[in-house]
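User: I would like a close look at one part of this model, the salt bridges and the parts of the chain they link. Please set that part against the rest of the fold.

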Amino acid sequence: MHDIIEVEIFNKIFSSIAEEMGIILGRSSFSSNIKERRDFSCAIFDAGGDLVAQAAHIPVHLGAMPMTLSSVLAEMSLQEGDIVITNDPYKGGSHLPDITLIEPVYSASREHAAAGPLFYVVNRAHHADVGGRNPGSMGMTNCLAEEGYVIPPTFLYTQGSCNKTFLHDFLHNVRNPEERLGDLRAQTASLSRGKLRINEILKKYPAQEVFSTLNQLKRYAERLMQNVIRQLPNGLYSYTDFLDDDGRNPAPVPISVDLTINNSTIDADFRRSADQTDTPINTVKSVVMSATVYVFQCLVGEGHPINQGTYRPLQIKTRPGSVVDPNKPAPVAAGNVETSQRIVDVLLGALAQAVPELIPAASSGSMNNIAIGGQKKPMGEEFSYYETIGGGMGGRPTLNGLSGIHTHMTNTMNTPIEALEHTYPLLVEQYGLHYGSGGEGLHRGGDGIIRSYRFIKKARVSLLTERRKLAPYGLAGGKNGLTGKNLLIRAKKKKKLGGKLVFEAEANDLLVIKTPGGGGWGRTTG
């Protein structure tokens, strides 16, 4: 038995390794989406595939990683120098642009090397394009193959030798292959740094001491989660919220949860949610797990370890063939970014019935995805640009919501105007707060963002956005936040756009994105 101080030291050591992996990945990447927006995540797993530590990166990435590694280890045996690449949503992934790399960490000791990997270092990064029908691989489609290049678990490196056949085929099927290659190399550099740091730890401490301490760390994280759940009143709490539509049919799409709190365990049952659709709002079960873990980790609070122990008290139930557990090859691009946000809203709505004094109102509820593609020169290379835009945070029981911020399942940054305009044939003519969009209340919701793009050249544009029809809810008597708007101004004529569509922009068109505000919390006095 190790004392809690030693356990916490090891927690910080391994968390800092994951953080350093992220620094290497961000600084060495090519695309603005990874370099500027930091749309990536890094984590460390032990030999059994259990999460040991993660960096404070993207919740929707991190919560799904254990299922990805589990799928890979069920199919493949990894040797020293191997690196596996995959983006398959139906094998623990999220959506196709999120590419995951996995590398085993072997000990320099012959004794331990013969026993197999001691750890696995893993990262996941959102590539600005992975092929498919639409630039950015984030538009409206009918099936997974139309969304982009599907990578089942594949060896990118075998004992240090690059799989040039795979790499050539992948780069041949994506836009701007040089950028894709640069980002993949950044991911491999990140893994290399993680391996280096872990081997330094193994040289400093006996392997058995490391494993013993990490097992205690996982038990500690499990107890933390159990203690938080015990403080919640037992019972069944049900809640339903809706996606605006599926992008083709105007009817709202219900997402439902029946949340059972039973002493120290949680059963989150999403089986009443809508059937899967033929549009990309479907989300795979690994993303449902990500959202659920995220919500309950928020109740645990900051500064505590997040590892496999965090997951153990949480049970997830979904219905195959539903919008939260579709059958392959249903498209899923928006499920990762939009449906995941609504799952959070649904879980918080259920918990607000149990502990209203702890739960904030709904935040903007959309990552406000925009993907733009075209040619930089009349006969030149293609470009593909992707970003998400922040919104308003929901009012909290003790504080106003923050304005112009990414919330819940995203943890990225907004792309700096200078970086965007320097690289792409676009101008940002307005970038500021969507004033007044936050819901009124004792603690008002934060305001969304207004961001407008002037197209210098023709381009193909994909929008995947939510809360354009149905507003983010207020709680405890607070008012709803305002919905967002997508507008296209062409030759001084203004046209309101739907929330999910693909369109051709002309040179000099102006696209205006107004993101939703957060809901208010509590009734105003007086």
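User: Does Asp245 count as buried or exposed, and what is its relative accessibility? Please start there and work outwards.

Analyst: This is a predicted model. Asp245 counts as buried, because its relative accessibility is 9% and the cut-off for buried is under 20%. The side chain of Asp245 forms a salt bridge with that of Lys469, at 2.7 Å from N to O. This pair links distant parts of the chain, 224 residues apart. Asp245 sits in the loop between β8 (235-243) and β9 (253-262), while Lys469 sits in the loop between β16 (459-464) and β17. Lys469 is partly exposed, since its relative accessible area of 47% falls between the limits of 20% and 50%.

The pair also belongs to a network of salt bridges. Asp241, Asp245, Arg342, Asp345, Glu466, Arg467, Lys469 and Lys500 are its linked residues.

The loop between β8 and β9 holds Arg248 as well. The side chain of Arg248 meets that of Asp278 in a salt bridge of 3.6 Å, N to O. Asp278 lies in the loop between β10 (265-269) and α10 (285-300), and the two residues are 30 apart in the chain. Arg248 counts as partly exposed, at 39% relative accessibility, and Asp278 counts as partly exposed at 44%.

Strand β17, which follows the loop of Lys469, covers residues 485-490 and pairs with β20 in the antiparallel sense over five bridges. Within this pairing, Leu488 has Leu511 of β20 as its bridge partner. Strand β15 (residues 448-455) also pairs with β20, again antiparallel and over five bridges, and there Ser452 stands opposite Val512. Strand β20 itself spans residues 510-514 and is mostly covered, with four of its five residues buried.

Elsewhere in the chain, a salt bridge joins the side chains of Asp129 and Arg175, at 2.8 Å from N to O. Those residues too connect distant parts of the chain, 46 residues apart: Asp129 is in the loop between β5 and α6 (144-147), and Arg175 is in the loop between α7 (164-172) and α8. Both Asp129 and Arg175 are buried. The count for the whole model comes to 35 salt bridges.

The elements that flank this pair include β5 and α8, and these meet at a sheet. Strand β5 is part of an open sheet of seven strands, with antiparallel pairing and the order β2-β1-β5-β4-β3-β6-β7. Its edge strands are β2 (51-54) and β7 (161-162), each of which pairs on one side only. Strand β4 (residues 98-105) runs antiparallel to β5 (residues 119-126), and eight bridges join them; here Thr100 has Arg124 in β5 as its bridge partner. Helix α8 (residues 177-204) packs on the sheet and touches β1 (40-46), β3 (83-86), β4, β5 and β6 (154-158). The direction of α8 makes about 30° with that of β4.

A last feature is nonpolar. Ile4, Ile5 and Ile9 make a surface patch of about 300 Å². Ile9 lies in helix α1 (residues 4-28) and is partly exposed, with a relative accessible area of 44%.

Definitions and conventions. Residues are numbered from 1 along each chain as its sequence is written. This is a predicted model: local features need pLDDT of at least 70, side-chain atom pairs count only at pLDDT 80 or more; totals for chains, interfaces and linings use all residues. Side-chain values use heavy atoms; hydrogens and water are left out. Buried means under 20% relative accessible area, exposed over 50%, partly exposed in between (1.4 Å probe, protein chains only). Two strands pair if DSSP finds at least two bridges between them. Contact means heavy atoms within 4.5 Å. Axes are lines fitted to C-alpha atoms, for helices over the stretch in contact, and angles run from 0 to 180 degrees between N-to-C directions. Patches are made of residues with over 30% relative accessible area and no salt bridge: like charges are joined within 9 Å, nonpolar side chains (Val, Leu, Ile, Met, Phe, Trp, Tyr) within 5 Å. Accessible areas come from the Shrake-Rupley method with a 1.4 Å probe; for residues, only the protein chains shown count as cover. A salt bridge is a side-chain nitrogen of Lys or Arg within 4 Å of a carboxyl oxygen of Asp or Glu.
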